[in-house]
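User: I'd like to learn how to read a fold like this one at the bench. Could you walk me through it, a feature at a time?

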Amino acid sequence: MSEEKPKIAFYWAASCGGCEIAILDLDAAVLDIAAKADIVFWPVAIDTKYKDIEAMPDGAIAVTFFNGGIRNSEAVHVAKVLRKKSKFLVAFGTCANSGGVPALANFHSKDSIFERVYQTTPSTTNPEGISPQTSYRTSEGEITIPKMFNGVYPLDAVVPVDYYLPGCPPTKKWILAGVTAFLTGELPPKGSVLAENFALCKECPREKPEKHSVKEFKRIWEIMDIDFDKCLLEQGIICLGPATRAGCEARCIKTNYPCRGCWGPAPNIIDMGAKMISVLGSILDEKDEAKMEQIIDEIPDLAGTMYEFTAGKSVFLRRKA
Ligand code: SF4
Ligand code: SF4
């Protein structure tokens with residue numbers, strides 16, 4: 001009798017679908033994975049039902065790769081079921097790690113989002129001010145939808161997570177390294193982040209100055225004579241490289257676009273936005289505090305830029321469902 005293959009699951013919660021595409025982008029390697037493991041749950045690609053997973057013995061799934069943040073009660077339910085059924089649970093992609101772009105909504109309350117979306121957008125006609133309800137009784141019976149929370153939270157806000165695989169989306173190299181580690185059993189210590197253990201600037205090929213001396217910050221289109229070899233931050237373009245974990249091989253910077261921090265915080269950084277503000281303060285060639293404050297205040301959408309991918313883990317915003 002042939003040996004049973006390990007079971008693998010993939011799930012998506014509040015995400016854009018890019019993490020799913022990243023798995024499909026593995027090309028033929030997906031077939032290699034399918035040859036070595038049974039993919040038992042993957043809503044984007046196969047039609048397994050929640051009840052099929054709920055019926056499995058606890059720990060039956062070798063590893064679940066969970067992408068997307070926690071935005072509603074359905075995501076919590078599935079996260080708890082998959083946690084119970086999986087030996088290892090991996091927060092896959094930036095939204096599951098730190099909320100990702102959807103967590104920018106944490107700068108607003110759920111009520112203000114509902115008001116805007118269902119009542120005040122110019123294209124909305126809703127004279128009765130109707131908002132979505134979690135349950136509605138019809139002549140055919142009750143219809144229910146999940147309850148939306150007041151914020152977007154990382155996976156580890158609702159269940160214990162064994163490993164973190166960041167990236168928006170994670171790259172082929174790290175996905176394959178992660179899957180291979182689980183299939184071979186050669187795993188790093190629990191709690192590890194499956195990416196590099198240093199900041200992106202170390203991986204970035206641009207020339208770095210001994211000491212930064214930035215006079216002002218500009219948007220990339222405001223600089224006509226950009227130097228393609230020199231550090232973007234030194235040219236006054238906000239680049240989150242100093243606070244971001246390496247692993248993506250500086251893919252944005254190689255296309256002349258500054259890092260926006262999608263691989264999450266570099267090791268030992270608790271709050272990425274706070275760290276980056278401190279970096280900006282330290283590289284400014286300006287002694288006058290009021291002038292410094294003015295330069296920082298003139299950065300458009302400062303909070304959104306500093307927390308573009310990590311608002312769900314900021315110590316200053318809502319962190320619990
Ligand atoms: S700040 Fe950005 S451009 Fe400069 S070295 Fe770091 S990653 Fe590269
Ligand atoms: S350069 Fe920054 S924003 Fe771009 S992929 Fe890498 S970590 Fe993400």
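**Strands, rings and a ligand**

Analyst: Sure. Keep in mind that this is a predicted model. Let's begin with strand pairing: E5 and strand E9 (residues 163-165) run parallel to each other, joined over three bridges. Within that pairing, Val90 has Tyr163 of E9 as its bridge partner.

User: Which other strand pairs with E5, and over how many bridges?

Analyst: That's strand E3 (residues 61-67), again in the parallel sense, over five bridges. Here Val63 is matched with Phe88 in E5.

User: Is strand E5 enclosed or open, and how do I tell?

Analyst: Count its buried residues. In E5 (residues 86-92), five of the seven residues are buried, so the strand is largely enclosed by the rest of the structure. As for side chains, the general idea is that in a regular strand they alternate between the two faces of the sheet.

User: Let's move on to rings. How many aromatic pairs are there?

Analyst: Twelve aromatic pairs in the structure. Take Phe10 and Trp42: their ring centres are 5.1 Å apart and the planes make an angle of 50°, which gives a tilted pair. Phe10 belongs to strand E1 (residues 7-12), while Trp42 is in the loop between strand E2 (38-41) and helix H3 (50-54), so this contact ties together parts 32 residues apart in sequence. Both residues are buried.

Now compare Tyr11 and Tyr50, an edge-to-face pair with 6.4 Å between centres and 65° between planes. Tyr11 is in strand E1 and Tyr50 in helix H3, so the pair links parts 39 residues apart in sequence.

User: Are Tyr11 and Tyr50 buried or exposed?

Analyst: Go by relative accessibility, where under 20% means buried. Tyr11 has 5%, so it counts as buried. Tyr50 has 32%, so it counts as partly exposed.

User: Which residues do ring pairs link into a cluster?

Analyst: Phe10, Trp42, Phe65, Phe88, Phe92, Tyr163 and Phe182. You've met Phe88 already, as the partner of Val63, and Tyr163 as the partner of Val90.

User: Where does a charge sit over a ring?

Analyst: One case is Lys110, whose charged end is over the ring of Phe114, 5.5 Å from its centre. Another is Lys202, over the face of Phe198 at 4.4 Å from the ring centre.

User: Last one: what surrounds ligand 1?

Analyst: Look at the shell by residue type. It splits into eight nonpolar, one polar and two charged residues. Among them are Cys201, Cys204, Cys231 and Cys239, along with Arg206, Lys208 and Gly241.

Note on methods
Residues numbered from 1 in each chain as written. Chains lettered and ligands numbered in written order. Predicted model: local features only at pLDDT ≥ 70, side-chain atom pairs only at ≥ 80, totals over all residues. Heavy atoms only, no water. Phe/Tyr/Trp six-rings, centres within 6.5 Å; stacked < 30°, edge-to-face > 60°. Helix = DSSP H or I, 4+ residues; strand = E, 2+ residues; numbered from the N terminus. Buried < 20%, exposed > 50% of the residue type's maximum accessible area, 1.4 Å probe, protein only. Lys NZ or Arg CZ within 6 Å of the ring centre and 35° of its normal. Near = heavy atom within 4 Å. Nonpolar A, V, L, I, M, F, W, Y, C, P; charged D, E, K, R; others polar. Pairing = 2+ DSSP bridges.
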